[in-house]
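Hi,

Here is the structure I said I would pass on. Have a look at it first, and my notes on what turned up follow below.

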Amino acid sequence: AISQEHGVLVSPEGVGASAKGEPKVLITMGSDSDLPLMMKAVDTLRYEFGIPCLVQINSVHRDLRTVVQHIDNLPDSVQVVIACAGGAAHLPGNIADLRADLPVIGVPRDLGALKGVDALLSMVQMPEGAPVAVMAIGDAGAVNAAIHAAKELAIGEPAIKQRLHAYAEKRKQRVATQNQTLES
Ligand code: RP5
């Protein structure tokens with residue numbers, strides 16, 4: 001569902017059927033091998049909250065100069081960044097420094113000998129001044145990053161706030177259904 005254009009990955013319609021418009025969130029990652037994980041964030045933003053996002057590969061250890069160029073030139077509509085990486089995961093911290101004006105949410109990928117603990121620690125141990133809001137390693141982290149981004153955007157957008165309430169309601173309903181199943 002994603003096509004490549006000038007080194008920048010975007011969904012075919014730009015943003016997805018339920019989320020047309022200027023991208024509000026940048027979802028970025030160190031490699032396209034991170035994409036299956038980050039599609040969980042793309043889909044959560046798109047289908048649960050109707051929030052358009054821009055998806056971009058940015059490798060700080062293969063092509064740092066392009067990362068700086070991409071991050072310096074994000075569309076003005078982007079208000080939150082979600083950044084995923086595995087291993088010695090510098091990408092979210094680098095973006096937090098490059099963009100003093102944007103909150104950065106980090107998603108550590110479960111990868112390699114240390115299974116994401118290395119990525120988690122390199123994101124969470126940012127020195128003072130360049131904060132990264134770090135989520136859990138792996139799938140839960142990717143989905144939670146999208147929810148957290150939606151919560152940040154909801155501060156100025158009642159429509160997103162409503163969708164957050166609807167999402168919470170669905171989660172409650174799940175517990176009710178589980179209890180009904182036990183009782184029957
Ligand atoms: C990181 O290195 C990427 O974010 C990815 O998680 C990891 C491995 O990348 P590939 O070798 O699969 O391209 O920069």
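Let me start with one residue: Asp101 is exposed, because it has 6 other C-beta atoms within 10 Å and 12 or fewer is the cut-off for that label. You will find Asp101 in the loop between α3 and β6. For a landmark, go to Gln79, which sits 22 residues away along the chain; the C-alpha atoms of Asp101 and Gln79 are 8.4 Å apart. Do keep in mind that this is a predicted model.

Now the overall picture. The protein contains six helices and seven strands. Reading from the N terminus, their order is β-β-β-α-β-α-β-α-β-α-β-α-α. There are 184 residues in the protein, and 39% of them count as buried. If you take the contacts with a separation of 6 or more, 70% of them are between residues 24 or more positions apart.

Next, the ligand. Which residues surround it? Going along the chain, they are Met29, Gly30, Ser31, Ser33 and Asp34, then Ser59 and His61, then Ala85, Gly86 and Gly87, and finally Arg109 and Leu111. Sorted by class, this shell has seven polar residues, three nonpolar ones and two charged ones.

On to the helices, starting with α2 and α3. Helix α2 covers residues 64-72, and its axis is 10 Å from that of α3, with an angle of about 50° between the two. That angle is why α2 counts as oblique to α3. The crossing of this pair, α2 and α3, is right-handed. On the α2 side the contact involves Val67, Val68, Ile71 and Asp72, which meet Asn94, Ile95 and Leu98 of α3. By class, the contact of α2 with α3 comes to five nonpolar residues, one polar and one charged.

The other pair is α5 (residues 139-154) and α6 (residues 158-183), whose axes come within 8 Å and cross at roughly 140°. So α5 is oblique to α6 as well, given that only angles over 145 degrees would count as roughly antiparallel. Their crossing, that of α5 and α6, is left-handed. Ala150, Lys151, Leu153 and Ala154 are the α5 residues here, and they meet Ile160, Lys161 and Leu164 in α6. The class split for the contact of α5 with α6 is five nonpolar, two charged and no polar residues.

Is Glu48 buried, exposed or partly exposed? Glu48 counts as partly exposed, because it has 18 C-beta neighbours inside 10 Å and a buried residue needs 20 or more. Glu48 belongs to helix α1, residues 35-49. Leaving aside residues up to four places away in sequence, Glu48 touches Arg163 and Tyr167. The C-alpha atom of Glu48 is also 9.5 Å from that of Ile160, although the two residues are 112 apart along the chain. Ile160 is the α6 residue you met above, in the contact with α5.

Last, helix α4, which covers residues 117-124 and has Ala119, Leu120, Ser122 and Met123 buried. What covers those buried residues of α4? Among the elements that do are the strands β5 (80-85), β6 (104-108) and β7 (133-134), along with helix α3 (91-98). So if you are clicking through the model, α3 turns up in two places, because it also packs with α2 at that oblique angle.

Cheers

Terms used
Residues numbered from 1 in each chain as written. Predicted model: local features only at pLDDT ≥ 70, side-chain atom pairs only at ≥ 80, totals over all residues. Near = placed C-beta within 6 Å. Nonpolar A, V, L, I, M, F, W, Y, C, P; charged D, E, K, R; others polar. Axes fitted to C-alpha atoms, helices over the stretch in contact; angles between N-to-C directions. Helix = DSSP H or I, 4+ residues; strand = E, 2+ residues; numbered from the N terminus. Parallel < 35°, antiparallel > 145°, perpendicular 65-115°, else oblique. Left-handed = near helix turned anticlockwise from the far one by under 90°. Contact = placed C-beta atoms within 7 Å.
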